[in-house]
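Trainee: I am new to this structure and would be grateful for a close look at a single part of it. Please begin from one residue and then place it in its surroundings.

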Amino acid sequence: MGFLAIMNAYTMRISLSIAITEMVNKTTGGAIEEDGGVCPIDEDADPEDFTGGEFDWDEELQGIILSSFYWGYVITHIPGGMLAEKFGGKWTLSLGILSTAIFTLITPWAVTSGGSTALIVIRVLMGLGEGTTFPALSALMATWIPAKERSKLGSLVFGGGQVGTILGNLLSGVLLHNIDGWSSVFYFFGGLGILWFVIFTLLCYSDPESHPFISEKEKAYLKQELGTLERDRTLPPTPWRYILTSVPMMALVCAQIGHDWGFFIMVTDLPKYMSDVLRFSIKDNGLYSSLPYLVMWIVSLSTGVLSDWLITSGRMTITFGRKLFTTIASIGPACFIVGASYAGCEKVIVVMLFTFAMGLMGTFYPGMKVNPLDLSPNYAGTLMAITNGIGAITGIIAPYVVGVMTPNHTLEEWRIVFWISFAIFNVTNLAYIIWASGEVQPWNTPHLMNKSVESGDQRAAIEAKDSEAKKSVQSQDAIKH
């Protein structure tokens with residue numbers, strides 16, 4: 001159900017990326033030029049796929065519309081993480097998905113009534129609802145998943161993002177190709193979100209202790225692996241000072257920024273690149289835009305299993321494993337997306353390179369994506385909120401930057417966008433390699449840490465008194481002598 005939560009969240013989030021290619025009136029045409037340009041339209045293509053819809057939105061406005069989701073998404077991360085840690089992840093997660101589904105359903109009405117302004121408002125509200133998803137799921141996984149299974153099950157749950165992107169792109173293309181108008185996309189995916197909410201609230205619970213149907217055998221196993229099954233409501237307030245000054249935490253934030261910059265550019269703008277530059281039809285656009293995420297999902301699951309095996313067998317430490325898989329997920333995509341921009345209009349080669357890029361990005365999940373659970377199981381929701389929230393700021397910046405930098409949506413303009421992504425991938429990965437950790441941090445249990453400090457202070461005071469006493473005795477002996 002966690003996997004399906006993220007899957008639904010992503011289908012609702014990215015469906016606009018395909019739909020907007022049919023909502024906006026396209027004006028660019030022509031053949032490719034030697035120094036850049038756009039690709040020629042296939043002879044057997046439907047001309048209507050390249051004329052578009054009723055709205056005259058320029059590239060900059062489209063960038064604002066596509067980024068507006070993340071304006072709200074950033075805001076609710078930290079509150080969502082704190083609520084999930086305090087009250088459990090069930091309702092924090094489910095109500096967030098429900099609100100996103102409702103706003104998805106009313107998107108066609110809002111756009112028809114209020115145009116681009118109404119669409120921006122709806123997308124912000126969708127982001128507010130969906131911002132709790134990752135923090136709440138992290139809190140749920142911290143209470144349900146033993147440490148030795150985190151790479152595998154974390155990759156499975158977070159892999160819902162790739163499957164959601166696959167289905168969002170693929171089914172949007174099918175719906176838009178077979179049904180007149182673009183509204184069907186929002187009705188379909190919003191309806192799936194409502195269905196998930198009903199099933200989840202009936203079947204799922206925040207922790208093993210509150211689950212009425214769990215077997216005693218499983219409960220005993222989880223208690224042995226995770227300790228107490230009840231959420232520790234006696235934990236002191238979140239140790240913000242220690243978290244925000246933690247070097248491994250800052251390294252994790254850097255890695256998240258690098259991942260999200262590349263991922264959001266691909267999720268948000270790859271369909272536009274396929275349509276505006278490569279001149280794919282709407283049906284082909286949905287198919288080829290989804291293919292890279294299918295490979296990414298397969299890679300994330302397989303490397304999650306591989307990571308758990310390497311760690312539990314003692315062949316590598318948790319820290320080394322997180323750094324290794326994060327590095328693969330940074331350097332590989334950085335090289336392949338730049339290569340795709342130099343492949344010109346060789347559509348097969350371009351799709352292959354994008355597929356390789358996103359496939360390798362799947363190793364982020366057994367890498368830095370599960371790292372918050374390593375650093376602090378007690379505050380995993382808050383850590384995920386911080387990292388995902390800061391990373392999501394790139395979701396605001398990246399689509400707008402693409403819109404500003406690609407006013408003519410030519411190959412040459414997009415090549416600069418991909419080179420910027422190359423630099424961000426590598427710089428943020430370098431920071432993660434140097435400073436990341438897979439060990440539980442002392443501030444995971446601040447009450448014990450404070451006791452340790454107090455004990456240390458007491459020992460220091462006793463040692464100081466002993467030292468003063470010794471000096472006094474030595475002085476008296478010296479006087480007597």
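Is I433 buried, partly exposed or exposed?

Mentor: I433 is partly exposed, its relative accessible area being 35%. Please keep in mind that the model is predicted.

The residue lies in helix 18, which covers residues 411-435. Apart from residues up to four places away in sequence, I433 touches K323 and T327. A further relation concerns L252: I433 and L252 stand 181 residues apart in sequence, yet their C-alpha atoms are 9.8 Å apart in space.

The preceding residue deserves attention as well. Y432 also belongs to helix 18. Its relative accessibility is 0%, so Y432 counts as buried, the limit being under 20%. I433, at 35%, is partly exposed because this value falls between 20% and 50%. The contacts of Y432, again without residues up to four places away in sequence, are A251, L252, A255, R322, K323, T326, G367, M368 and N371. K323 therefore appears in the contact lists of both Y432 and I433, where contact means heavy atoms within 4.5 Å. Between Y432 and K323 the C-alpha separation is 7.0 Å, although their positions lie 109 residues apart along the chain.

L252 leads onward to another place. Helix 12 spans 247-277, and S246 sits in the loop between helix 11 (240-244) and helix 12. S246 is buried, with 5% relative accessible area. Once neighbours within four places in sequence are set aside, S246 is in contact with Q441 and W443. From S246 to Q441 the distance is 8.7 Å, C-alpha to C-alpha, while the two are 195 residues apart in sequence.

These pairs may be set beside a figure for the whole chain. Among contacts with a separation of 6 or more, 84% are accounted for by residues 24 or more positions apart. The chain contains 19 helices and two strands. It has 481 residues, and 56% of them count as buried. Its accessible surface amounts to about 20,000 Å², with 65% of that belonging to carbon and sulfur atoms.

Other buried residues may be read in the manner used for Y432. One of them is Y73, placed in helix 2 (residues 59-75). Y73 is buried, at a relative accessible area of 1%. Leaving out residues up to four places away in sequence, Y73 touches R13, G127, L128, E130, G131, F134, N388 and A392. The C-alpha atoms of Y73 and G129 are separated by 7.3 Å, with these positions 56 residues apart along the chain.

Several partners of Y73 recur where helices pack. A pair of packed helices is described by the angle between the axes and the distance between them. For helix 1 (residues 2-23) and helix 6 (residues 133-144), the axes come within 11 Å and cross at roughly 175°. Helix 1 and helix 6 are therefore roughly antiparallel. Here G2, I6, Y10 and R13 of helix 1 meet T133, F134 and L137 of helix 6. Sorted by class, this contact has four nonpolar, two polar and one charged residues. R13 and F134, both touched by Y73, are among the residues of this contact.

N388 points to a second packed pair. Helix 3 (residues 77-87) packs with helix 17 (residues 380-405) at an angle of about 170°, and their axes are 8 Å apart. Accordingly, helix 3 and helix 17 are roughly antiparallel to each other. On the side of helix 3 the contact is made by H77, I78, G81, M82 and E85, and on the side of helix 17 by A380, G381, T382, M384, A385, I386, N388 and G389. The classes here are six nonpolar, six polar and one charged residues.

Another buried residue is N169, found in helix 8 (residues 160-178). N169 has a relative accessible area of 2% and is buried. With residues up to four places away in sequence not counted, N169 touches I14, I18, P271, G286, S289, S290 and Y293.

Finally, a word on cysteines. The structure holds zero disulfides. C204 is buried, with a relative accessible area of 16%, whereas C335 is partly exposed at 42%.

Note on methods:
Residues are numbered from 1 along each chain as its sequence is written. This is a predicted model: local features need pLDDT of at least 70, side-chain atom pairs count only at pLDDT 80 or more; totals for chains, interfaces and linings use all residues. Side-chain values use heavy atoms; hydrogens and water are left out. Axes are lines fitted to C-alpha atoms, for helices over the stretch in contact, and angles run from 0 to 180 degrees between N-to-C directions. Helices (H or I, at least four residues) and strands (E, at least two) are DSSP runs, numbered from the N terminus. Angles under 35 degrees count as roughly parallel, over 145 as roughly antiparallel, 65 to 115 as roughly perpendicular and the rest as oblique. Ala, Val, Leu, Ile, Met, Phe, Trp, Tyr, Cys and Pro count as nonpolar, Asp, Glu, Lys and Arg as charged, and the others, Gly among them, as polar. A disulfide is a pair of cysteine sulfur atoms within 2.5 Å. Buried means under 20% relative accessible area, exposed over 50%, partly exposed in between (1.4 Å probe, protein chains only). Accessible areas come from the Shrake-Rupley method with a 1.4 Å probe; for residues, only the protein chains shown count as cover.
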